[in-house]
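User: Can you walk me through this model? I'd like the layout, then the details.

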Amino acid sequence: MKLPIYVYGAQVLREKASEVVVTDETKGEIKSLVDDMFETMSCAEGVGLAAPQIGKSIRLLVVDGSDLAEDMPELEGFRFAMINPVLVEESEETAVYSEGCLSVPGINAEVKRPARIRVRFLDENFAEQDKVFEGFGCRIVQHEMDHLDGYMFVDRVAPIRRKMMQSKLSGIAKGKARTTYRIK
């Protein structure tokens with residue numbers, strides 16, 4: 001099921017998300033939510049989506065960069081659901097890349113982030129994973145993990161750049177955003 005995506009200005013995007021409670025009783029509901037998030041992200045032509053972006057303040061995200069594998073071969077098979085992801089390690093080396101966000105439509109800006117990270121999480125089958133991410137995949141995961149802590153990429157841009165985009169951000173918060181997907 002395609003879900004509406006919450007945009008800049010929504011309170012849920014600024015909250016620190018709660019741990020997902022995984023029990024035999026909740027596994028079916030979690031799997032269904034993961035499926036809905038992948039469908040929502042795909043229909044909106046995104047490469048990542050965090051639960052706060054669909055109005056749920058829980059530590060769950062999905063990423064899928066596999067459609068970009070032709071130009072970025074390292075993204076072949078890059079499709080994960082991450083339940084309760086934890087950043088274990090990050091490199092001192094950084095990389096700058098222009099980012100955008102389904103919750104901040106029409107705005108892109110350069111963001112500096114660690115070039116390599118290691119993350120522990122439960123996958124969509126509730127198996128424990130410990131993975132190292134580099135390149136664009138690393139960028140996608142960090143961007144989505146930020147959402148779980150109430151941060152958005154616009155919080156990480158240079159102050160002068162943020163000041164320049166403030167009127168657009170205010171417009172989005174007032175509902176003046178055009179998208180091809182449902183927003184809230």
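Analyst: We'll go from the overall fold to the helices, strands and cores; note that this is a predicted model.

User: Good. How many helices and strands in the protein chain?

Analyst: The protein chain has 3 helices and 7 strands. From the N terminus the order is α-β-β-β-β-β-β-β-α-α.

User: What about the radius of gyration?

Analyst: It is 16 Å for the protein chain. A compact globule of 184 residues would come out near 16 Å, so the two agree. The C-alpha trace spans about 45 × 35 × 30 Å along its principal axes.

User: And how much of the chain counts as buried?

Analyst: 48% of the 184 residues. The accessible surface is about 9,800 Å², and carbon and sulfur atoms make up 47% of that.

User: What share of the contacts is between residues 24 or more positions apart?

Analyst: 67%, taking the contacts with a separation of 6 or more.

User: Let's do helix 1. Which of its residues are buried?

Analyst: Ile30, Leu33, Val34, Asp36, Met37, Phe38, Thr40 and Met41. The cover over them includes strand 1, strand 2 and strand 3.

User: Any general reason for that kind of spacing?

Analyst: An α-helix has 3.6 residues a turn, so residues three or four places apart point the same way.

User: How far does helix 1 reach?

Analyst: Its 17 residues cover 24 Å from first C-alpha to last, close to the expected 24 Å. Glu45 follows helix 1 and has a positive phi, near 60 degrees.

User: Now the strands. What does strand 2 pair with?

Analyst: Strand 1, residues 48–50, pairs with strand 2 in the antiparallel sense over 3 bridges. Strand 2 and strand 3 also run antiparallel, joined by 5 bridges.

User: Which residue in strand 2 is the bridge partner of Ala50?

Analyst: Leu61. On the other pairing, Val63 has Phe80 in strand 3 as its bridge partner.

User: Are the faces of strand 2 covered or open?

Analyst: Both faces are covered. Leu60, Val62 and Asp64 are buried on one side, and Leu61 and Val63 on the other. That is 5 of 5 residues buried.

User: On to the largest nonpolar core. Which residues touch the most other members?

Analyst: Val34, Met37, Leu49, Leu60, Val62 and Ile83, out of 21 residues in that core. The elements giving two or more residues are helix 1 (27–43), strand 2 (60–64) and strand 3 (79–90). Helix 1 gives the largest share, 6 residues.

User: Is there another core, or what lies apart from this one?

Analyst: Another core, of 19 residues, lies apart from it. Tyr8, Ala109, Val111 and Ile172 are among its residues.

User: Back to Leu49. What does it touch?

Analyst: Leaving out residues up to four places away in sequence, Leu49 touches Ile5, Met37, Thr40, Met41, Ile54, Leu61, Val62, Leu102 and Glu144.

User: Last one: helix 2. Why call it largely enclosed?

Analyst: Because 13 of its 14 residues are buried, the rest of the structure largely encloses helix 2. Helix 2 covers residues 135–148 and reaches 21 Å, close to the 20 Å expected.

User: What comes just after helix 2?

Analyst: Gly150, which takes a positive phi of about 85 degrees.

How values were computed. Residues are numbered from 1 along each chain as its sequence is written. This is a predicted model: local features need pLDDT of at least 70, side-chain atom pairs count only at pLDDT 80 or more; totals for chains, interfaces and linings use all residues. Side-chain values use heavy atoms; hydrogens and water are left out. Helices (H or I, at least four residues) and strands (E, at least two) are DSSP runs, numbered from the N terminus. The expected span of a helix is 1.5 Å times one less than its number of residues. Buried means under 20% relative accessible area, exposed over 50%, partly exposed in between (1.4 Å probe, protein chains only). A nonpolar core is a set of buried Ala, Val, Leu, Ile, Met, Phe, Trp, Tyr and Cys residues joined through side-chain atoms within 4.5 Å. Contact means heavy atoms within 4.5 Å. The radius of gyration is taken over C-alpha atoms; the globule rule is 2.2 Å times the number of residues to the power 0.38. Accessible areas come from the Shrake-Rupley method with a 1.4 Å probe; for residues, only the protein chains shown count as cover. Two strands pair if DSSP finds at least two bridges between them.
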